[in-house]
Amino acid sequence: MTDSARWKATVYVGGLASLATTTNLHDAFIPFGEIADISLPKNDAPNATEPHRGFAYVEYEDPEDAKEAIDNMDQSEFFGRVLKVSPAKPPKSADEGLGSKTAVWEQEGWLAKHAVSEEDRLAASGADDKAIQDERPDDPMQGLEGLDVAGPKPQ
């Protein structure tokens, strides 16, 4: 299965109680279809007391089964907690977007989207200069350079 198809068949399950295990999740989500994998991310913090981070990903064999699970399990109660079940989002690349350590304008995706050819840039700047000259009114201060004294002209 391709990565995009895998993410379409995967659901995010949030709001899990610390007592929940992969076996409990499997038992709760198996009625909606064949489960390919259940991921219950562990808490990596050194002083963490919880066995997991409070969410899981349940991957189904068929995307239709994932939709069925979302429809039936969202806002349901599980170990005394209300679950938030929604389609899983693919993880963002660490090299792309605002979370990366590379400037946005140096990233390939940004360059491809915002690239302007030199010919287009010159045409646009030439058009801008001409438009600015056409829009400028005559300078009201033109011709006053020779005056040394402020006020009306002596007669």
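How many aromatic pairs does the count come to? I took this up at the start, working on a predicted model. The count comes to five aromatic pairs. I then looked at the pair of Phe78 and Phe79, whose ring centres are 5.0 Å apart. Their planes stand at 85 degrees, so I logged the pair as edge-to-face. Burial came next for these two residues. Phe78 has 10% relative accessibility and counts as buried, whereas Phe79, at 41%, counts as partly exposed. I also noted one aromatic cluster, formed by Trp7, Tyr12, Phe55 and Tyr57.

Entry on the overall chain. I find five helices and six strands in the protein chain. Along the sequence I read the pattern α-β-α-β-β-α-β-β-β-α-α. The protein chain has 155 residues, and buried residues make up 24% of them. I also looked up contact range: of the contacts with a separation of 6 or more, 62% are between residues 24 or more positions apart.

Entry on the sheet. I traced an open sheet of four strands in the order E2-E3-E1-E6, and the pairing is antiparallel. Which strands are at the edges? They are E2 and strand E6 (84-87), each of which pairs on one side only. From one strand to the next, the twist averages 20 degrees. For E1 and E6, which run antiparallel, I find four bridges. Gly14 has Lys84 in E6 as its bridge partner.

Next I checked which helices pack on this sheet. H2 does, touching E1, E2, E3 and E6. The direction of H2 makes about 140 degrees with that of E2. H3 packs on the sheet as well, with E1, E3 and E6 as the strands touched. For H3 the angle is about 150 degrees, taken against the direction of E6.

Entry on the core. I looked up the largest nonpolar core and found 21 residues in it. Val13, Leu16, Leu25, Phe29 and Tyr60 are the residues with the most contacts inside this core. Two or more residues each come from strand E1 (10-14), helix H2 (22-29), E2, E3 and helix H3 (63-73). Which element gives the most to this core? H3 does, with four residues.

I followed Leu16 further. Leaving aside neighbours within four places in sequence, I list the contacts of Leu16 as Leu25, Leu40, His52, Gly54, Phe55, Ala56, Phe78, Arg81 and Leu83. That list includes Phe78, the buried member of the edge-to-face pair. It also includes His52, which I took up last.

Entry on His52. Where is His52 placed? I find His52 in the loop between strand E2 (35-39) and strand E3 (55-60). Is His52 buried or exposed? The relative accessible area is 5%, which is under the 20% limit, so His52 counts as buried. I then looked for what the side chain meets. The backbone oxygen of Ala17 is reached by the side chain of His52 at 3.1 Å. A polar atom of the same side chain lies 3.1 Å from the backbone nitrogen of Gly54. Not counting residues up to four places away in sequence, His52 touches Leu16, Ala17, Ser18, Ala20, Leu40, Pro41, Lys42 and Asn43. Ala17 is thus noted twice for His52, as one of the residues touched and through the backbone oxygen.

Conventions:
Residues numbered from 1 in each chain as written. Predicted model: local features only at pLDDT ≥ 70, side-chain atom pairs only at ≥ 80, totals over all residues. Heavy atoms only, no water. Buried < 20%, exposed > 50% of the residue type's maximum accessible area, 1.4 Å probe, protein only. Polar contact = N/O pair within 3.5 Å; in protein donor to acceptor, adjacent residues only side chain to side chain. Contact = heavy atoms within 4.5 Å. Core = buried A, V, L, I, M, F, W, Y, C linked by side-chain atoms within 4.5 Å. Phe/Tyr/Trp six-rings, centres within 6.5 Å; stacked < 30°, edge-to-face > 60°. Pairing = 2+ DSSP bridges. Axes fitted to C-alpha atoms, helices over the stretch in contact; angles between N-to-C directions.
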